[in-house]
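Me: I am new to reading protein structures and would like to go through one slowly, feature by feature. Could you show me the general idea each time, and then the case in front of us?

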Amino acid sequence: MIIEMVARREPIDAVLMADTGSERPETDRFVPLFREWMDDKGVENHVVRYEPKRFRHWPPYHSLLENLLTNGTLPSISFNRHSCSAKWKIAPQDQWAASWPAAKAVWARGGQVVKLIGYDCSPADNRRYAEREGHEDPRFIYRYPLREWGWRREECIARIEQEGLPVPVKSSCWLLCLQMVSRLTATLYLWATKLSAV
């Protein structure tokens, strides 16, 4: 979405990437590459993180994985809920926007900030869009450029390749129970090693 918007000279005021602290290693490797691409194109970009302030349990946590371990639970998607995304992705982006001078100026005039959402026209994103359709927020207008263009995942991949960038894996925390067990086991070992080094 961002690559094509830059090519079409559509203005982007800021791009936010919410880091849960438990993204897949492939995503962690891709983010700096894409941030460098955006820097080269003059696209302002920021990484935001949820910063917990109050802890019900001990020890304190600073990533999604640590949150789950501290509270002895599974990702909310395991219970058919989406509170992980709300807490670790949406909330830090909204918090950043709340202190962003450009957004504050728009809101002071009674306007709304346009939020760009990268849902495409593939079946999985059609379902995600259906869940969000009609959602209203007095602070934001939601826009879905990939859907406006009729793009599916295939067109997105082709556009990324055309730009000469590696095609990233779908962004998600590696904890999702929907992933293949063998892959999860291999990644869990890497994270256990990372935790033991802390």
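Me: Leaving aside its neighbours within four places in sequence, which residues is Trp-37 in contact with?

Reply: In soluble globular proteins, nonpolar side chains tend to be buried together. In this predicted model, Trp-37 is in contact with Ile-2, Ile-3, Val-6, Glu-163 and Leu-165, once its neighbours within four places in sequence are left aside. Trp-37 also belongs to the largest nonpolar core, which has 16 residues, and is listed with Ile-2, Phe-34 and Met-38 as having the most contacts inside it.

Me: Which helices each supply at least two residues of this core?

Reply: They are helix H1 (2-7), helix H2 (25-41) and helix H8 (153-162), and H2 gives the most, with 4 residues. There is also a second, separate core of 12 residues, which includes Ala-18, Ala-97, Val-106 and Tyr-119.

Me: How should I read a polar residue such as Asn-45; is Asn-45 buried or exposed?

Reply: Here the cut-off matters: a residue counts as buried under 20% relative accessible area, so Asn-45, with a value of 8%, is buried. Asn-45 lies in strand E2 (residues 45-48), and its side chain is joined to that of Arg-35 by a polar contact of 2.6 Å. A polar atom of the Asn-45 side chain also lies 3.0 Å from the backbone oxygen of Val-43. Beyond four places in sequence, the residues in contact with Asn-45 are Val-15, Arg-35, Met-38 and Asp-39.

Me: Why is Cys-156 not bonded to Cys-121?

Reply: A disulfide needs two cysteine sulfur atoms within 2.5 Å. The sulfur of Cys-156 is 8.8 Å from the closest cysteine sulfur, that of Cys-121, and therefore too far for a bond; a search of the whole structure finds 0 disulfides. As for their surroundings, Cys-156 counts as buried at 13% relative accessibility, whereas Cys-121 is partly exposed at 23%.

Me: Where in the chain is confidence lowest, and where is it highest?

Reply: Where pLDDT is low, the predicted coordinates should not be read in detail. The mean for the chain is 82, and 71% of its residues reach 70 or more, but confidence is lowest in helix H9 (residues 181-197), at a mean of 56, and highest in H1, at 98. Over residues 177-182 pLDDT stays under 50, and the model has 5 contacts beyond four places in sequence for them.

Methods. Residues are numbered from 1 along each chain as its sequence is written. This is a predicted model: local features need pLDDT of at least 70, side-chain atom pairs count only at pLDDT 80 or more; totals for chains, interfaces and linings use all residues. Side-chain values use heavy atoms; hydrogens and water are left out. A nonpolar core is a set of buried Ala, Val, Leu, Ile, Met, Phe, Trp, Tyr and Cys residues joined through side-chain atoms within 4.5 Å. Buried means under 20% relative accessible area, exposed over 50%, partly exposed in between (1.4 Å probe, protein chains only). Contact means heavy atoms within 4.5 Å. A polar contact is a pair of N or O atoms within 3.5 Å; within protein, one must be able to donate a hydrogen and the other to accept it, and residues adjacent in sequence count only if both atoms are side-chain atoms. pLDDT is the predictor's confidence in each residue, from 0 to 100.
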